Amino acid sequence: MKSDIEAEVVIREPDNLFQDRFDAPPHFIIRAPGRVNLIGEHTDYNDGFVLPLALDRAVWLAVRPRDDGEVRLHSLDFGETAVFHLNHLYQEEGHWSEYVKGVAWAWQNAGYTLSGWEGVMQGDVPVGAGLSSSAAVELAAARAFTAVARIPWNPTRMALLAQKAENEWVGVNCGVMDQMIVAAAQADHALLIDCRSLETEAVPLPGGTAVVILDTATRRGLVASAYNERRRQCEQAAAFFGAAALRDVTMEMFTAVAPQLDPLIRRRARHVISENQRVLEAVAAMRRGDAAKLGSLMNESHLSLRDDFAVSSPELDVMVAIAQAQPGCYGARMTGAGFGGCAVALVRGDTAVTFAQTTTRQYQQKTNLKPNIYICQAAAGVEIISLPR
Ligand code: GLA
């Protein structure tokens, strides 16, 4: 758990370093969190339901407006300054600044007039772990551009534009979950997102529980092609049912015709249809404060992702099995796109530290890998915070 003091240290740093770098104080600082998804995996691009929360790990961006169209952004994590002009945006594949340029492109493309700024950025969301450090950078940049150009902030509209930046500028075909949660999260709550209507509902975590992120310390290549393949299989399944998306197919409709479906497509569809149901049941359980039920739905979600959707990995399975066997653990599952990265567990709050220690030790013994474990607090979405003076 991160104390207020630690959080303040992170805030102060870009502030002071901004002063050093640009010889003046920043006008404001932005905090844009990472996220973890409690349940509802691979449902967002099927117009379904997801239940993520924002993390108390974030990207921090100190900003001062410029009166020309230039953006000068120094990343403390990459030790590099990116400079570009809003009138001449061009792509540099694979560079961290593409997320910022993509946002500038998407907003200008939507008809907004932007102006330049200079900034210093630093984050403690692990990169490449499936905790949406990229959506955090996108929304931090979006908040900077909109604040500098005095564009009203509408979380849903901003999330959609950030998704467009990622899809069309960066070239990653993600759904809308990550940008929505970073834009619209509420502290101490998970957020039920209907990925069709984009309506949201904040749902409190059951009292006395803690959410723990279990990073397997594995990263897989080719995630993008496997992800796109799953998307196509889901579209194929929806077409079979004559539905706009798998969101529209109920378990009854599925069961009635399941034998006629291609076996692989059948498994993919079964995951999405059952996972959407689990999300709604999870919300009902949380409303009752029923941590045990929420945990068992998370366990079922893992099996469905492993067996039907085939996006888990041996390390994720080992991590989830270790977590589930701990006293005080209500449930655990892989989270995010899969194939590597993180699992998430719901545990009794007073056992969280022991849980983290034991899980670390056992995972290390079984895999020879050193995991990273974070006990997290549900944070608010992207925001402009006042300067710590
Ligand atoms: C990635 C994507 C999301 C979502 C998840 C799987 O995180 O960015 O849009 O599809 O995978 O639930």
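These are my notebook entries on a predicted model, from the ligand site outward.

**Entry 1: the ligand shell**

I began with the ligand and listed the residues around it. Arg 35, Glu 41, His 42, Asp 44 and Tyr 45 are among them. Cys 174, Gly 175, Met 177 and Asp 178 also belong to the shell. So do Tyr 227, Gly 336 and Ala 337.

I then sorted the shell by class. Five of its residues are nonpolar, three are polar and four are charged.

Where does the ligand lie with respect to domain 1 and domain 2? I checked which domain gives residues to the shell. Domain 1 covers 4-203 + 379-386, and domain 2 covers 209-376. Both give residues, so the ligand lies between them.

**Entry 2: polar atoms at the ligand**

Next I looked up distances to oxygen atoms of the ligand. For Arg 35, an N or O atom in the side chain is 3.0 Å from a ligand oxygen. For Tyr 227, a polar side-chain atom lies 2.6 Å from a ligand oxygen. His 42 uses its backbone: an N or O atom there lies 2.7 Å from an oxygen of the ligand.

How much of the ligand does the protein bury? Taken alone, the ligand exposes 300 Å². The protein buries 92% of that area.

**Entry 3: helix H5**

Two shell residues, Met 177 and Asp 178, led me to helix H5. This helix runs over residues 177-184. I asked how many of its residues are buried. The count is eight of eight, and the helix is mostly covered. Met 177 and Asp 178 are both buried. The buried residues of H5 also include Gln 179, Met 180, Ile 181 and Val 182. Ala 183 and Ala 184 are buried as well.

**Entry 4: a polar pair in helix H2**

I moved to helix H2, residues 98-109. Glu 98 is found in this helix, and Lys 101 lies in H2 too. Are these side chains buried or exposed? I took the residues one at a time. Glu 98 has a relative accessible area of 5%, so it is buried. Lys 101 has 2% relative accessibility, so it also counts as buried. The cut-off for buried is under 20%.

What does the side chain of Glu 98 contact? It makes a polar contact of 2.9 Å with the side chain of Lys 101. I noted the general rule for helices beside this pair. An α-helix has 3.6 residues a turn, so residues three or four places apart point the same way.

**Entry 5: cysteines**

How many disulfides does a search of the whole structure find? It finds zero. Cys 329 is in no disulfide, and the nearest cysteine sulfur, that of Cys 376, is 13 Å away. I looked up the cover on Cys 329. Its relative accessible area is 14%, so Cys 329 is buried.

I then took Cys 376 by itself. Its closest cysteine sulfur is in Cys 342, at 10.0 Å. That is too far for a bond, because a disulfide needs the sulfur atoms within 2.5 Å. Cys 376 is buried, with a relative accessible area of 9%.

**Entry 6: helix H9**

Helix H9 spans residues 291-308. I picked out Leu 303 and Ser 304, as both lie in H9. Ser 304 is buried, at a relative accessible area of 7%. Leu 303 is partly exposed, at 42%.

I also looked at partners along the chain. Ser 304 and Arg 333 are 29 residues apart in sequence, and their C-alpha atoms are separated by 9.9 Å. Leu 303 and His 271 are 32 residues apart, with their C-alpha atoms separated by 9.3 Å.

**Entry 7: positive phi in two loops**

Last, I checked backbone angles. Ala 310 is not a glycine, yet its phi is positive, about 55°. Where is Ala 310? Its place is the loop between H9 and helix H10 (314-324). At 31% relative accessibility, Ala 310 counts as partly exposed.

Ala 217 has a phi near 65°, a positive value in a residue other than glycine. I found Ala 217 in the loop between strand E9 (209-215) and helix H6 (223-240). It counts as partly exposed, at 32% relative accessibility.

Methods: Residues numbered from 1 in each chain as written. Predicted model: local features only at pLDDT ≥ 70, side-chain atom pairs only at ≥ 80, totals over all residues. Heavy atoms only, no water. Near = heavy atom within 4 Å. Polar contact = N/O pair within 3.5 Å; in protein donor to acceptor, adjacent residues only side chain to side chain. Areas by Shrake-Rupley, 256 points an atom, 1.4 Å probe, with all protein chains shown as cover. Nonpolar A, V, L, I, M, F, W, Y, C, P; charged D, E, K, R; others polar. Domains from an automatic or database assignment. Buried < 20%, exposed > 50% of the residue type's maximum accessible area, 1.4 Å probe, protein only. Helix = DSSP H or I, 4+ residues; strand = E, 2+ residues; numbered from the N terminus.
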